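Grab a viewer and try these short exercises. Have a go at each one before you read the worked solution.

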Amino acid sequence: LGSFEEEFLEVPSEVIITSMKENQRYFPVFKDNKLANGFVVVSNAITQDYSLIIKGNEKVLRARLSDAMFFWQSDLAHEFGPEKLKNITYLKELGSIYEKELRELKVAKKLASNYDELLKKEVGEYAAKLERAVMLSKADLTTQMVYEFTELQGVMGGYYAAAKGENENVVTAIKEQYLPSGEASALPSTIFSSVVALAIKLETLIGLFSAGKIPSGNKDPYALRRAANGVIKIIQNENLNLDIAAFLRETAEGYAKFDVEALIGFIFDRLYTFFDVNPSVVKACLASKKGDILAQCEAIEALGAICAADDFRQNFSTFKRLANIIKDENFSAVDEAKFENESEKKLNDAFKAAVKASGSYNERLKNLFGLKAAIDEFFDNVMINAEDELVRKNRLALVGQIYAEFLKIADIKEISL
């Protein structure tokens, strides 16, 4: 057990811990859940007197902490703002980091307009705070501390913003802008921070796709898969309704022309890793082309639970047959006057009752799959390919309306068992 001078605790604890763990492989010591001025070092030396080993390690750590203290105090003495970012290139095709922040701000404002009431309830008038949070989000990249400890970008920005008297919501948003940073990472703690983090991730995805920096195979140098995962996790965590497909199409208009649908597909394809279900369930739900991530998640969970039931496999053949009959989705409306068989009327009445009673995706799917008996009776008693063309088209429309209702949730043709 070694120690260091308490004066070094003035430096943010993340800096001290990072210096200990990354540079020296020391274990930090805590007291009452706060970092203490001690550390544990593991040595394989065999000696009767460990004091020399302790003193040697204390000397090394003291030198590193002295540097950190210098960086901290020096950075605090300078202005904390985005102006210097104009001189740092983000990417040749996308200009400076300052220009990236301006794009992020546009995305953040557009996002915020969707959650106006939530934001006002949390932080009051938020427009100026939102601009401040986004435009200060990368300001720590010009500090000496982040130059030395690059993994602390964002975290240090929060400390510098707090030291300069910025609003606490702004400070938190700067600290949390990169969250979630991994599989087990924490998420932004407020709706305000979530909007900022979402805006940054979405702008990164749009910008890099527009610059042709698209992941392929195992290569993902800009961590775009992690960004896409982060978008989904934040939306799920805050329960944010957002038609992300429409949002991306609209936002992409300010960038160099690129395949926006590929980006939309890239984000939604991440859902395959989010659910412990048959992959064809995810494929079926994605085929419905719902643009809202929450809606897709709810549909996947609902369909996945139904497909996991013991009797689903034997019952599903009825619906697979129904879906396969439909070759063209442009069928006419059902005309009840053209029904010639009681089974047609029974199926149509059952369908109308099922649709009328619908609620959540789970309820809607249960109601639709509950039509099995009526569909089986229809198939047993009705010849769809009737000689009369109008009757034939009407029977196809009767079956087609059921498939179309499924299609609002999932394309059941895609389910494979």
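Below are four exercises on this predicted model, each with its solution.

**Exercise 1. Work out how the overall dimensions of the protein compare with those of a compact globule of 417 residues.**

Step 1: start with the rule of thumb, which puts a compact globule of 417 residues at a radius of gyration near 22 Å.
Step 2: set the protein's own value beside that, namely 29 Å.
Step 3: look at the extents, where the C-alpha trace spans about 95 × 55 × 40 Å along the principal axes.
Step 4: add the fold elements, 19 helices and 5 strands.

**Exercise 2. Find what share of the residues is buried, and how the contacts and surface break down.**

Step 1: take the cut-off for buried, under 20% relative accessible area. By that count, 48% of the 417 residues are buried.
Step 2: consider contacts with a separation of 6 or more; 68% of them come from residues 24 or more positions apart.
Step 3: turn to the outside, where the accessible surface comes to about 21200 Å² and carbon and sulfur atoms hold 49% of that.
Step 4: check the charges. There are 52 positive and 62 negative ones, and their mean positions sit 3 Å apart.

**Exercise 3. Decide whether Ser-194 is buried or exposed, and identify its side-chain polar partner.**

Step 1: locate Ser-194 in helix H9, which covers residues 191–210.
Step 2: Ser-194 has a relative accessible area of 1%, so it counts as buried.
Step 3: skip residues up to four places away in sequence, and Ser-194 touches Pro-188, Ile-234 and Glu-238.
Step 4: pick out the polar partner: the side chains of Ser-194 and Glu-238 make a polar contact of 3.3 Å.
Step 5: for a distance check, try Ala-228, 34 residues from Ser-194 along the chain; their C-alpha atoms are 14 Å apart.

**Exercise 4. Which polar contacts does the side chain of Gln-177 make?**

Step 1: find Gln-177 in the loop between helix H8 (168–175) and H9.
Step 2: with a relative accessible area of 0%, Gln-177 is buried.
Step 3: list its contacts, ignoring neighbours within four places in sequence: Ser-137, Lys-138, Gly-154, Ala-197, Ile-200 and Lys-201.
Step 4: look for side-chain pairing, and you get a polar contact of 3.4 Å between Gln-177 and Lys-138.
Step 5: now try the backbone. The oxygen of Ile-174 is 3.0 Å from a polar atom of the Gln-177 side chain.
Step 6: put it together, and the side chain of Gln-177 pairs with the Lys-138 side chain and with the backbone oxygen of Ile-174.

Terms used
Residues numbered from 1 in each chain as written. Predicted model: local features only at pLDDT ≥ 70, side-chain atom pairs only at ≥ 80, totals over all residues. Heavy atoms only, no water. Helix = DSSP H or I, 4+ residues; strand = E, 2+ residues; numbered from the N terminus. Rg over C-alpha atoms; globule rule 2.2 N^0.38 Å. Buried < 20%, exposed > 50% of the residue type's maximum accessible area, 1.4 Å probe, protein only. Contact = heavy atoms within 4.5 Å. Areas by Shrake-Rupley, 256 points an atom, 1.4 Å probe, with all protein chains shown as cover. Lys, Arg positive; Asp, Glu negative; His and termini not counted. Charge placed at Lys NZ, Arg CZ, Asp CG, Glu CD. Polar contact = N/O pair within 3.5 Å; in protein donor to acceptor, adjacent residues only side chain to side chain.
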